[in-house]
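The following paragraphs lead through one protein model, from a helix position to the nonpolar cores, the surface and the cysteines. The reader is invited to keep the coordinates in view.

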Amino acid sequence: MPIPLRWLVAGITAGAFILTILMMRLDMRVALNGASAGFATAAVILLLVRHRFRPAGPRAHPVAHAMAEDVLVFATTTLVGVIASYAVAACTTGWVDHAMVRLDHAIGFDWNDLYALTAAHPLLQIMGRIAYASIYASPAIILLSYALNRQRAEARFFLASFWLAAGLSLCFFLFMPTLGPLAYGWHGAIDYMPTSGLFQAEIIPLLRDHSMQVVDLSMLRGLVGIPSFHAASATLYILAARHTGSARAPLVLLNVAMIFSIPVEGTHYAVDLIGGMAVALVAHGVVTLLVRARRVPARDPIAYAPGVGVPAVEGAS
């Protein structure tokens with residue numbers, strides 16, 4: 001059996017509960033507008049699709065059922081995590097940029113040099129933006145591949161790792177907030193504004209002094225500096241790509257490109273990338289130990305018989 005769905009639901013629910021309590025204590029709230037209504041509507045639609053095409057139902061469609069379920073779990077984890085970054089940011093104090101710059105220099109990385117190179121070459125800017133934005137494409141490809149091949153164990157493993165990596169990133173962020181290298185270390189004219197802009201330096205102070213207490217879902221920005229959650233996501237996507245067959249090579253190349261785009265487009269120090277990849281590996285390792293403890297097989301032993309609305313055990317006659 002794959003990791004139980006109830007474990008994932010329990011983890012997301014616990015995270016949402018902690019976030020709700022924290023936001024209440026900070027007198028923060030989510031804006032009730034078209035964006036929030038859109039997210040709620042999408043969730044309801046996914047739930048209806050999952051129910052309508054359930055394996056034991058009259059309209060069984062395992063691919064649609066699995067895809068709706070997995071997208072809902074992934075999207076909810078992501079949404080709770082991004083909102084939580086606002087609440088966590090409001091609880092932070094000080095900045096650790098000076099230490100990050102020193103660590104970058106110790107490993108021979110100079111963010112200013114990389115930014116100047118990118119600002120001088122429009123092609124690098126275009127490639128960087130595309131690669132950075134692929135954080136939304138990779139999970140869709142991974143989950144679709146898992147659904148088509150009925151790899152429920154792999155899908156649940158990926159979702160559990162992603163949830164744990166998000167939680168670990170938020171915990172580290174609480175103690176290591178950064179302005180970002182563009183706001184902290186670049187003192188010349190900003191000839192090229194990266195995808196992440198100056199959002200951390202602009203938004204976090206407003207959250208700290210409670211000038212910003214409403215989180216608008218239509219204007220969400222990831223605020224986690226170190227570790228880079230883009231780097232954590234790319235690492236998890238590369239690990240998950242091992243089980244996607246023909247999509248493996250494109251996914252690996254795409255996410256390697258995303259990692260290279262992160263310093264400029266995400267305005268991250270090199271140490272942020274290392275931290276993000278480390279968080280992903282820890283999350284992957286913890287879930288691996290959990291799976292081994294439960295003796296979960298590498299592949300889901302349950303396969304759906306073609307044309308039949310109920311599952312059949314592999315190898316059954």
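In which helix is the place of Ala43? Ala43 belongs to helix α2, which covers residues 34–52; helices are DSSP runs of H or I with at least four residues, strands are E runs of at least two, and both are numbered from the N terminus. The model is a predicted one, in which local features need pLDDT of at least 70 and side-chain atom pairs count only at pLDDT 80 or more, whereas totals for chains, interfaces and linings use all residues. Residues are numbered from 1 along each chain as its sequence is written, and side-chain values use heavy atoms, with hydrogens and water left out.

Ala43 has a relative accessible area of 24% and is therefore partly exposed; buried means under 20%, exposed over 50%, and partly exposed in between, with a 1.4 Å probe and protein chains only. Its C-alpha atom is separated by 9.9 Å from that of Glu69, 26 residues apart along the chain.

The interior may be considered next. The largest nonpolar core (buried Ala, Val, Leu, Ile, Met, Phe, Trp, Tyr and Cys residues joined through side-chain atoms within 4.5 Å) has 41 residues. Phe74, Ile142, Phe158, Leu159, Tyr237 and Val287 have the most contacts inside this core. Two or more residues each come from α1 (5–25), α3 (62–90), α7 (137–148), α8 (152–175), α11 (229–240), α12 (248–265) and α13 (270–294). Of these elements, α8 gives the most, with eight residues. Apart from this core lies another, of 21 residues, which includes Val80, Ala84, Ile204 and Leu223.

Phe158 shows the surroundings of one core residue. Leaving aside neighbours within four places in sequence, Phe158 is in contact (heavy atoms within 4.5 Å) with Phe74, Pro139, Ile142, Leu143, Tyr146, Leu236, Tyr237 and Ala240.

On the surface, helix α1 holds Ile18, a residue that counts as exposed because its relative accessibility is 57%.

Finally, the cysteines. A disulfide is a covalent bond between the sulfur atoms of two cysteines. With a disulfide taken as a pair of cysteine sulfur atoms within 2.5 Å, a search of the whole structure finds zero. Cys91 is in no disulfide, and the nearest cysteine sulfur is that of Cys171, 12 Å away. The separation of 12 Å between the sulfur of Cys171 and that of Cys91 is too far for a bond. Cys91 counts as partly exposed because its relative accessibility is 36%, and Cys171 is partly exposed with a relative accessible area of 48%.
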